[in-house]
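Let's take a walk through a protein together. Have the sequence and the 3D view open, and pick out each residue as it comes up.

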Amino acid sequence: MIARIKTPTRIAPLAACATALWLLACDPSQASEVQQQAMGAPQSCYLSGISDRARCGFVEVPENAAKPDGRKIQVHYAVLPAIKPSFPNEAFLAIAGGPGQSAIDNAVGFERTFAEIRQSRDILLIDQRGTGRSNLLNCDLGPDAMSLAFDDEKLDSAAEAAKCRNSLDADIAQYGSRAALEDFEAVRKALGYDKLHVYGISYGTRMAQLYLKHYPESLLTVTLDGVVPMQQSVLAIGDAIDRAVELMLADCEQNSQCHTQFPVLRDELAMVNQRLDQAPVRLMVNHPRSGEATEFLLTRNKFASVVRLALYATNVRALLPLAIHQAAAGNYQGILGLHGMMLDGLDLAMGMHSSVVCGEDIPRLDAAMRAKLNQSYYGANMIKGLEEVCTQWPVPAADATFAEGVRSNLPVLLLSGEIDPATPPQWAELAMANMSNAKHLVAPYATHGVAQQSCGNKLVAQLVNSGSLKEIQGDCLNKDVRRSFYLNASTVEPLPATINKE
């Protein structure tokens, strides 16, 4: 039987969770018990965007490992089979980010990025519990949240979180990273792989580090791309966003054409922020999709989100100076266009996201970190929103050992983008502090997810094929692939001066 895997509808995020990115300890001795649970027979299937057949299935595991005879959930996986299966006992496990993304729904991106690896090894994708098809924990704010007139700053995050929690058929305390790791091992064993090469991106790097901590015997190599160190709460992303905004402004100032066109960009950004702090801007616009006349309410939070999310992609980042300059002059068309890219919401399972953040990151928030983050608009807004959500999301705090750095002598490649708005290079340096066989490479022109934007994917393939870091050099990452800033609505080139024919 051949199944068609469909991509689920994207759901609007819960308030401040959209601007952000748990632990019941599971006894490793229970892994064999989990493995004995029922397994759905693998079937041929097609994944969105991939023309050839994959193999799809699931393993059935206890929702709560402490209650093996209790409620069961299905953890779904997909295997993109090797073109020439030279290493049938190995697989390349690609772990998605978020927290809350479905790995299977992102199969086409993983397949394109790691096509060289797939030549000889299976690519394994697992929908982490609470995401995709693995007992999805998601909530919908309703159609009003997708309206351009939606006032996000009046949203009651705590009330929405409570409504979300009450709508879910799950024990939300069981959807943290450590429990998910046991599922990953159950899938590995069920499929008969002796060893894995693990790649994690963003939050997926946290899962990869947990694999290194608890099941090093199952691994051959590890790649961490956009590194979230175990030692640090993801709430530190507030500082990372501020750093990326500053780098964008500095890049424009150091670019002669951008600086000539927008000589006071830094002041203009401050001006727009101050204006929106005083009151949101309300205006009539043509909807960026339907073209119909509609009201657009631009709040400070919406504007901040537009700026932040634009920094994730170099081609969109290139539009920011122009959009900010126009907004300072009272023309919000550029900001509207960038906001239109976000109307589908974030492709995250926000229930699972909340279980992770409320159990693993909020409990680490001490007075010093709070004081530091409250100096930043992004940091303060994130703390406020997430703490409101977590008052209604009762999950236990992760064990103290959860935040300990990873000690390992396995080959670990760490990749960072210099202009990354989420996981700056210094995060990778912290993560590798106790790794004796690690190499950190920084791509100077990359944002978040180096392997997808550069030759980083070839470096990952080199690590997988050789099993060693010795010959891996990052020179190819230095290729200048910068996107020129847009100087007007049509081009990155300055418009010719108007000739006065009088």
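What follows goes from the overall picture to the disulfides, and then to a few local spots.

Keep in mind from the start that this is a predicted model. The protein has 502 residues, and 55% of them count as buried. Its secondary structure adds up to 19 helices and twelve strands. As for the outside, about 20800 Å² is exposed, with carbon and sulfur atoms supplying 49% of that area.

Now for the cross-links. A disulfide is a covalent bond between the sulfur atoms of two cysteines. Searching the whole structure turns up five disulfides. If you number the bonded cysteines in sequence order, they pair up as 1-2, 3-4, 5-6, 7-8 and 9-10. Let's visit three of these links in turn.

Start with Cys45 and Cys56, whose sulfur atoms sit 1.9 Å apart in a disulfide. Cys45 belongs to strand S2 (residues 39-46) and Cys56 to strand S3 (residues 54-62), so this pair ties together parts that are eleven residues apart in sequence. The link between Cys45 and Cys56 is right-handed, with 65° about the S-S bond. Are its two ends buried or exposed? Cys45 counts as buried because its relative accessibility is 0%. Cys56 comes in at 11%, so Cys56 counts as buried as well.

Further along the chain, Cys358 is joined to Cys390 by a disulfide with an S to S distance of 2.0 Å. Here the link is left-handed, with -85° about the S-S bond of Cys358 and Cys390. This pair connects distant parts of the chain: Cys358 is in helix H14 (residues 350-360), Cys390 is in helix H16 (residues 377-390), and the two are 32 residues apart. Cys358 has a relative accessibility of 8%, so it counts as buried. With 15%, Cys390 counts as buried too.

The last of our three stops is the disulfide between Cys455 and Cys476, with 1.9 Å from S to S. The torsion about its S-S bond is about 80°, so the link of Cys455 and Cys476 is right-handed. Once again the pair links distant parts of the chain, 21 residues apart: Cys455 is in the loop between helix H18 (450-453) and helix H19 (456-466), while Cys476 is in the segment after H19. How covered are these two cysteines? Cys455, at 15% relative accessibility, counts as buried, whereas Cys476, at 36%, counts as partly exposed.

From cross-links, let's move on to helices. Look at helix H7 (residues 237-254) and helix H9 (residues 265-278), whose axes come within 10 Å and cross at roughly 140°. H7 and H9 are therefore oblique to each other. Which residues meet where they touch? From H7 come Val245, Glu246, Met248, Leu249, Ala250, Cys252 and Glu253, and they meet Leu265, Arg266 and Leu269 in H9. It helps to remember that an α-helix has 3.6 residues a turn, so residues three or four places apart point the same way.

Then there is helix H10 (residues 300-310), which is mostly covered, with ten of its eleven residues buried. Among those buried residues are Phe303, Val306 and Val307, and the list also includes Arg300, Lys302 and Arg308.

Two loops round off the tour. In the loop between strand S11 (412-417) and helix H17 (425-431) you'll find Thr423. Thr423 counts as buried because its relative accessible area is 1%. What does its side chain reach? One polar contact goes to the side chain of Asp420, at 2.6 Å. Another polar contact goes to the side chain of His448, at 3.3 Å. Setting aside neighbours within four places in sequence, Thr423 is in contact with Gly226, Val227, Val228 and His448.

The other loop runs between strand S9 (281-286) and strand S10 (293-298), and Arg289 is found there. Is Arg289 buried or exposed? With a relative accessible area of 51%, Arg289 is exposed. Finally, compare sequence with space: Arg289 and Gly337 are 48 residues apart along the chain, and their C-alpha atoms are 9.5 Å apart.

Conventions:
Residues are numbered from 1 along each chain as its sequence is written. This is a predicted model: local features need pLDDT of at least 70, side-chain atom pairs count only at pLDDT 80 or more; totals for chains, interfaces and linings use all residues. Side-chain values use heavy atoms; hydrogens and water are left out. A disulfide is a pair of cysteine sulfur atoms within 2.5 Å. Helices (H or I, at least four residues) and strands (E, at least two) are DSSP runs, numbered from the N terminus. Buried means under 20% relative accessible area, exposed over 50%, partly exposed in between (1.4 Å probe, protein chains only). Accessible areas come from the Shrake-Rupley method with a 1.4 Å probe; for residues, only the protein chains shown count as cover. A polar contact is a pair of N or O atoms within 3.5 Å; within protein, one must be able to donate a hydrogen and the other to accept it, and residues adjacent in sequence count only if both atoms are side-chain atoms. Contact means heavy atoms within 4.5 Å. Axes are lines fitted to C-alpha atoms, for helices over the stretch in contact, and angles run from 0 to 180 degrees between N-to-C directions. Angles under 35 degrees count as roughly parallel, over 145 as roughly antiparallel, 65 to 115 as roughly perpendicular and the rest as oblique.
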